Amino acid sequence: MKVSVSCLARQTVLSAAIFTLIAAPVQAAILRTEIDGPIGPITAAFIQRSLEQASHQNNSILLIHLKTPGGLGVSMQDIVEKILNSPVPVVVYVSPSGAHAASAGFFILLAADVAAMAPGTSTGAAHPIFPLGNENKILLDKVTNDALANLRGIAEKRGRNKEMAEKAVRESVAFTEKEALEARLIDVIARDEADLLSQIDRTASLGGGRIHRPLTGQPVETLEMSFREKLLTALSNPNLAVILGILGLLGIYVEFTHPGLILPGVVGAIAFLLALLGFSLLPINYIAVMLILLALALFVAEVKIQGFGVLGVGGVIALVLGILFLVETPNPDLRVRLPVALGVALPFAVIFIVLLRLVIKTHGRQVQTGLEALVGQIGTARSPVFKEGKVFVSGEIWDAHSSNPIDEGKRVRVVRVDNLILNVEAIGNGE
């Protein structure tokens with residue numbers, strides 16, 4: 001009996017262990033994520049979250065699919081720093097075919113433990129540039145030398161070709177995947193993700209010896225941006241932020257000039273706050289902000305002092321320039337495009353001036369309600385009027401008073417109103 005109970009207990013423990021192993025989720029060896037678009041603060045925060053999750057889950061590698069035209073230098077440096085200090089090996093793969101990792105993307109690619117590119121991709125062209133054609137040589141040399149020092153440090157740590165890497169900064173050289181491999185800027189050319197993992201497994205030196213487990217056939221977990229990150233990424237697009245800002249200003253202005261409509265004010269306030277949120281993620285040129293404020297002042301002056309269009313045209317020019325220069329970055333993908341600037345500035349100027357004219361015109365009119373509205377109205381005498389009588393004015397018959405006799409049927413004008421009695425005067429046929 002004792003032996004039976006002991007066997008039964010062992011069987012129960014074994015069954016529980018087998019059930020636990022079956023029910024336990026399979027731990028992914030590879031955490032995959034993606035950078036697709038300009039590099040900005042949200043991208044940097046997302047990569048940091050990806051690295052933290054990979055470290056927490058003890059993944060074998062963090063695999064980043066990279067496709068970017070470049071971006072903000074500060075955000076790029078933040079990503080590079082976190083990759084270089086990551087406890088989990090990072091593999092950066094420029095893909096799919098036709099993609100490119102330019103400017104800031106070149107730095108991120110070189111910082112990876114394993115740098116890979118798909119056939120038909122390119123990288124490089126990382127020379128610093130300034131917005132608005134700024135050709136300050138001293139400042140340009142300073143920024144260039146800083147970028148070169150940063151790049152040399154990355155290349156030395158990862159054992160890459162410093163001389164060829166510097167050409168991407170000094171001469172804005174771009175490399176195809178074959179040129180990058182020959183120049184020892186990348187480690188692998190892979191057709192697809194499966195080919196990439198297979199090559200990493202076959203080459204023990206890839207990853208600096210930090211990749212210990214085989215990767216081929218291992219489970220892969222994809223980490224995507226949260227809704228909040230996707231929303232902030234969209235709002236950090238300067239073109240969308242400008243459109244939301246202009247729509248927001250118009251909505252708020254319509255609500256102030258036509259109180260009670262409610263909908264324009266609510267929509268305008270939401271759009272304007274979203275625009276401010278987007279601009280808070282971008283480097284703003286405050287001279288451009290002053291140009292936009294100057295444009296609004298010129299629009300008001302055009303209406304107030306009748307500038308014959310000169311002030312209005314000046315306002316449009318100031319608004320377009322302010323919008324174009326609003327985001328202070330050398331990367332064209334993070335600037336406001338000219339068609340967008342013209343597309344929002346011209347309609348905004350027209351609508352703003354038209355609404356302002358209507359408001360000023362409305363405030364200049366006499367009161368058109370109540371008994372005071374009858375003053376100046378034209379009517380007809382329905383009886384002889386002298387001291388008292390009846391007149392027909394504004395569709396109604398009123399008691400009337402006149403200092404001079406007025407015959408029945410004559411046209412009269414209301415001079416004033418006293419206690420519902422109209423003081424009238426006769427008008428000639430020629431008036």
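This report covers backbone outliers, a surface patch and one helix residue in a predicted model.

Local features need pLDDT of at least 70 and side-chain atom pairs count only at pLDDT 80 or more, while totals for chains, interfaces and linings use all residues. Residues are numbered from 1 along each chain as its sequence is written, and side-chain values use heavy atoms, without hydrogens and water.

Most residues other than glycine have a negative phi, and most peptide bonds are trans. The table lists two non-glycine residues with positive phi. Helices (H or I, at least four residues) and strands (E, at least two) are DSSP runs numbered from the N terminus.

| Residue | Phi | Loop |
|---|---|---|
| Serine 172 | near 55 degrees | between helix 6 (162-170) and strand 7 (174-176) |
| Arginine 184 | about 60 degrees | between helix 7 (177-182) and strand 8 (188-189) |

Serine 172 has a relative accessible area of 37% and is therefore partly exposed (buried is under 20%, exposed over 50%, partly exposed in between; 1.4 Å probe, protein chains only).

Serine 95 and proline 96 are joined by a cis peptide bond, with omega about -5 degrees. Proline 96 sits in the loop between strand 3 (90-94) and strand 4 (100-102).

Leucine 358, in helix 14 (residues 338-363), is also partly exposed, at 46%. Its C-alpha lies 9.2 Å from that of threonine 257, although the two are 101 residues apart in sequence.

On the surface, Ile262, Val266 and Ile270 form a nonpolar patch with about 280 Å² of accessible area together. Patch members have over 30% relative accessible area and no salt bridge, with nonpolar side chains (Val, Leu, Ile, Met, Phe, Trp, Tyr) joined within 5 Å and like charges within 9 Å. A salt bridge is a Lys or Arg side-chain nitrogen within 4 Å of an Asp or Glu carboxyl oxygen. Areas come from the Shrake-Rupley method with a 1.4 Å probe; for residues, only the protein chains shown count as cover. Isoleucine 270 belongs to helix 11 (residues 263-279).
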